[in-house]
Amino acid sequence: MATELKFMVKKGAKVPVYKTSGAAGADVCACIETPVILKPFERTAVPTGLFFEIPEGYEIQVRPRSGLALKNGIALVNAPGTIDSDYRGELCVILINLGTEDFTIHNGDRIAQIVLSPVLKASFIEVSSISVTERGENGFGSTGVSGN
């Protein structure tokens, strides 16, 4: 079941597209006048020409494309990025080149994917103690690497 998502496009922008029937994310494309060269370890915000009216109670998550990550080392600096329901500006994608070679972004290139997700809001309740678990305060690799 689809949720309606209203949006506007700047001239030359491409409408988000689900590439397969089972895709969770819709691809978004660069909307740029001239190619952008992203050198290794550089980052930049790439405009998409898309402006969304996200329903209250939802967010758009901006996620990397796995093919760009594997083949070229292109990632999102803040993955997943969150677009809040009250934001009305242009969706820009913050890309970083973690590869070893320059990467050129052309107008119309698929640069990320977006997922519409429901948002649950928490009621924060301050307490003097929290429950104890087997794991406790052990974090950052405390469960090991091996699958055993």
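The points below comment on salt bridges, enclosed and open spaces, and a surface patch in a predicted model.

1. On the salt bridges as a whole, the count comes to four. Three of these pairs are discussed here, in the order in which they seem easiest to follow on the structure.

2. The side chains of Glu90 and Lys10 meet in a salt bridge, with a distance of 3.3 Å from N to O. This pair links distant parts of the chain, since Glu90 belongs to strand β8 whereas Lys10 sits in the loop between β1 and β2 (26-29), and the two are 80 residues apart. The two partners are covered to unlike degrees: Glu90 has a relative accessible area of 17% and is buried, because the limit for that class is under 20%, while Lys10, at 34% relative accessibility, counts as partly exposed.

3. Asp27 deserves a point of its own, given that Asp27, Arg65 and Arg110 are linked in a network of salt bridges. In the pair formed by Arg65 and Asp27, the closest N and O atoms are 3.5 Å apart. Arg65 lies in the loop between β5 (58-63) and α1 (66-72), and Asp27 lies in strand β2, so this salt bridge ties together parts of the chain that are 38 residues apart in sequence.

4. The other pair in that network joins the side chains of Asp27 and Arg110, with 2.8 Å from N to O. Here too distant parts of the chain are linked, with Asp27 in strand β2 and Arg110 in strand β10, 83 residues apart. As for accessibility, Asp27 counts as buried at 8%, whereas Arg110 is partly exposed, its relative accessible area being 33%. As a general remark for anyone reviewing such contacts, side chains of opposite charge can pair when their charged atoms come close.

5. Turning to enclosed space, what is the count of cavities of 30 Å³ or more? The count comes to one, and the volume of the largest cavity is about 40 Å³. Its lining consists of Leu50, Phe51, Phe52, Ile54, Ile83, Tyr87, Gly89, Glu90 and Leu91. Two strands, β4 (43-53) and β8 (90-97), each supply at least two residues of this lining, and the largest share, three residues, comes from β4.

6. By class, the lining of the largest cavity divides into seven nonpolar residues, one polar and one charged. Glu90, listed among the lining residues of the largest cavity, is also the residue that meets Lys10 in a salt bridge, and a reader inspecting the cavity may wish to view the two features together.

7. Among the open spaces, the largest pocket has a volume of about 290 Å³. Its lining is made up of 15 residues, of which Thr3, Leu5, Tyr18, Ala26 and Leu116 lie nearest the centre of the pocket. Strand β10 (residues 110-118) gives the most to this lining, with four residues, and that strand is also where Arg110 of the Asp27 salt bridge is placed. The lining comprises 14 nonpolar residues and one polar residue, with no charged residues.

8. The second largest pocket holds about 180 Å³ of space, and its lining is composed of Glu56, Gly57, Tyr58, Glu59, Thr82, Asp84, Ser85, Asp86, Val119 and Lys121. These residues divide into two nonpolar, three polar and five charged. The class counts are worth setting beside those of the largest pocket, whose lining has no charged residues.

9. On the surface, Phe7, Val9 and Val15 form a nonpolar patch, and together they have about 240 Å² of accessible area. Of these residues, Val9 has its place in strand β1 (residues 6-9) and is partly exposed, with a relative accessible area of 41%. That value agrees with the entry requirement for a patch, because residues are taken into patches with over 30% relative accessible area.

10. Finally, Val17 is found in the loop between β1 and β2, which is also the loop that holds Lys10. At 39% relative accessibility, Val17 counts as partly exposed. Between Val17 and Phe7 there is a separation of 10 residues in sequence and of 13 Å in space, taken from C-alpha to C-alpha; Phe7 belongs to the nonpolar patch described in the preceding point.

Key: Residues numbered from 1 in each chain as written. Predicted model: local features only at pLDDT ≥ 70, side-chain atom pairs only at ≥ 80, totals over all residues. Heavy atoms only, no water. Patch = residues over 30% accessible without salt bridge, like charges linked within 9 Å, V, L, I, M, F, W, Y side chains within 5 Å. Areas by Shrake-Rupley, 256 points an atom, 1.4 Å probe, with all protein chains shown as cover. Buried < 20%, exposed > 50% of the residue type's maximum accessible area, 1.4 Å probe, protein only. 1 Å grid on protein atoms, 1.4 Å probe; cavity = no way out; pocket = protein on both sides within 12 Å on 5 of 7 lines; lining within 4 Å. Points joined across faces, edges and corners; volume = space filled by probe spheres on them. Nonpolar A, V, L, I, M, F, W, Y, C, P; charged D, E, K, R; others polar.
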